[in-house]
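Me: I'm new to reading structures and I get lost when I look at everything at once. Could you pick one part, look at it closely, and then work outwards from there?

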Amino acid sequence: MSNCTDVIIIGGGIIGCATAYYLTKKGVSVTVLEGSDNIGDGGSSRNGGGVRQSGRDPRELPLVMYGIRNLWPTLSDELGTDCEYHQDGNLRLGKNEKHAKILENLANKAKACGLDVRMIDGKTVREINPYLSEEVTVASWCPTDGHANPLTTTLGFYKTARRQGAHFITGEKVIRLETVHGKMRRVVTKENVYEAEKVLVAAGYHSRELLGSVGIDVPMTQSLLEALVTEAQPHMFDQMLGTAEADFYGHQTKHGSFVFGGSSGFEGFNKDNGTPVTSSMTAPCICRGIMKYFPDLSDAKIVRTWAGWSDKSADGVPVLGTVDEVPGLYAACAFTGHGFGISPAVGHQLAMLMTEGRTEIDLSALHYDRFRAKI
Amino acid sequence: MINDRNREIGTFVPAADDDMIVCRCEEITKGEIRRAVHEGMYTITEIRRYLRCGMGLCQGQTCARLVKGIVARELKISPAQLEPASSRAPMRPTEMHILANEEKEGKRDE
């Protein structure tokens, strides 16, 4: 086995798998090294499945809009995997004046970027989703938003990239990167050395340490997010949901279960147990939030809860693109808990950047070099 | 442990009992599980995420051992080499209004 390919991707999450898919489609030889035992073990399989434009920072909005127009609609066919993509709109719910202000502010920002987001009253909300309680008095509504299944989408990219010739190795944790004559070249693991002229670092929070091995620092930290899933319920609605206070978010899946993510308020202070572990206070807190909005769900049984790290960048949007100091090195990390919806577009644009040296979408606002001290 | 997803495991050979349901909660058959292995799902966790087997009401308490055996045979390894999937809270399916309730004798337990 040769350890040399055109490209090495560090990280077998949805970003690594999607980029491997679009690269191998162009005939590029790719090795994907995943440190954990499973494909998509980080945020890729621990998120709420939102494919949202509303509520996004204008710097990453073009990526999700591109994906929704060009990639998401045909993704299941392309990957031979049911990604369960639904485009039935996003409701962000509110119950009082304060919430209305938060929602209006978000909606105005999105409108300025050319997105159709409307403010609607409680009556209109219940016409769209009759299960919502009378407590809901206001919402923002983005009809082109939606959701998909993060597990099958990630594994669909993996499966198809592998079939197109990408070489995946799991349990192969990268320790450091090495340059030769100032250019990216070697990827060193505990037992092996892999070589390529181009290397993409898409390893979640571990990216910081890897980029650090060639002198690049991305200001990022981790915060624990938790989610729960109910038993299958009769079909109720297809919208993606969120709230002004961000107390919970989620949707009903094709399977019938509801997947809801949420928080307890202690996200930045959770213990790092070496693996993300749920806290006993969070799922009950998410349930209390949900029941106020959906009284009908109070008898639904929770079958499982889980937690995952969100890799937060200092300014809330990812780091994407080339690294000036190290020719041949590319970064895709710090997705800050909203990487799933943009992942097909990110993989698509990175594959273009790595083969043609350009992108269709301007990524300059997401460059690693953007961080400046406050004075 | 290093797990090279290019290693040779042979091709998928259909079998007479492929229609047999293994995961009863999610109605996943033996054939679907065997086929998933050949599509690259080499770990129990990936099989679960891809097919949903062991993700239903019983959370794999009934079928986990069977699935492990099927996957191991397909990969031509011992079942002992396969990590089981993580068990998740709650221990058994629990209604939202019960899980949400932190009150003791009508008072919030502070």
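What follows is a close look at A:Trp309 and its strand, β17 of chain A, and then at other parts of the chain.

Reply: Sure! Keep in mind throughout that this is a predicted model.

Let's start with A:Trp309 itself, which has its place in strand β17 of chain A. Is it buried or exposed? Count the other C-beta atoms within 10 Å and you get 20. A residue counts as buried from 20 upwards, so A:Trp309 is buried.

Who does it touch? Leaving out residues up to four places away in sequence, A:Trp309 touches A:Gly42, A:Gly43, A:Gly204, A:Tyr205, A:Gln222, A:Leu224 and A:Pro276. Here's another way to see how the fold brings things together: A:Arg46 is 263 residues away from A:Trp309 in sequence, yet their C-alpha atoms are 8.2 Å apart in space. Across chain A, 74% of the contacts with a separation of 6 or more are between residues 24 or more positions apart.

Now zoom out to the strand. β17, residues 301-313, is also part of the story with chain B: along with α6 (150-163), β8 (167-170) and α8 (282-293), it supplies at least two residues each to the side of chain A that touches chain B. In total, 35 residues of chain A are in contact with 29 of chain B. Sort the chain A side by character and you find 16 nonpolar residues, 10 polar and nine charged.

β17(A) even pairs with a strand of the other chain. Its partner there is β4 of chain B, residues 94-95, and the two run antiparallel with two bridges between them. If you want a spot to look for on screen, find A:Lys301, which stands opposite B:Glu95.

Next, go back to the neighbours of A:Trp309. Two of them, A:Gln222 and A:Leu224, fall within strand β13 of chain A, residues 220-230. Follow that strand and you come to β16(A), which β13(A) joins antiparallel through four bridges; A:Glu226 faces A:Gly262 across this pairing. β16, residues 258-262, is mostly covered, with five of its five residues buried. In fact both of its faces are covered: A:Phe258, A:Phe260 and A:Gly262 are on one side, with A:Val259 and A:Gly261 on the other.

β16(A) has another partner as well. β15, residues 248-252, pairs antiparallel with it over five bridges, and one pair to look for is A:Tyr249 with A:Gly261. These two strands make a hairpin with five residues in between, and A:Gly256 in that turn has a positive phi of about 110°.

Another strand with both faces covered is β12 of chain A, residues 198-201: A:Lys198 and A:Leu200 are buried on one side, A:Val199 and A:Val201 on the other. This time the pairing is parallel. β1 (residues 7-10) joins β12(A) over four bridges, with A:Val7 opposite A:Lys198. β19 (residues 329-333) joins it over three, and there A:Tyr330 is the bridge partner of A:Leu200.

You can also pick out an open sheet of three strands, ordered β9-β10-β11 with antiparallel pairing. β9 (174-180) and β11 (193-195) are its edges, each pairing on one side only. On average, neighbouring strands in this sheet are turned by 30° against each other, direction ignored.

Helices pack too. α2 (residues 61-70) and α9 (residues 343-356) of chain A meet at an angle of about 95°, with axes 8 Å apart, which means they are roughly perpendicular. The touching residues are A:Leu63, A:Val64, A:Tyr66 and A:Gly67 from α2(A), and A:Pro344, A:Ala345 and A:Val346 from α9(A). Six of the contact residues are nonpolar, one is polar and none is charged.

Last, pull right back. Chain A has nine helices and 19 strands, and 55% of its 375 residues count as buried. A compact globule of 375 residues would have a radius of gyration near 21 Å, and chain A agrees, at 21 Å. Along the principal axes, its C-alpha atoms fill a box of roughly 65 × 40 × 40 Å.

Key
Residues numbered from 1 in each chain as written. Chains lettered and ligands numbered in written order. Predicted model: local features only at pLDDT ≥ 70, side-chain atom pairs only at ≥ 80, totals over all residues. Rg over C-alpha atoms; globule rule 2.2 N^0.38 Å. Buried ≥ 20, exposed ≤ 12 C-beta atoms within 10 Å, placed from the backbone. Contact = placed C-beta atoms within 7 Å. Nonpolar A, V, L, I, M, F, W, Y, C, P; charged D, E, K, R; others polar. Pairing = 2+ DSSP bridges. Axes fitted to C-alpha atoms, helices over the stretch in contact; angles between N-to-C directions. Parallel < 35°, antiparallel > 145°, perpendicular 65-115°, else oblique.
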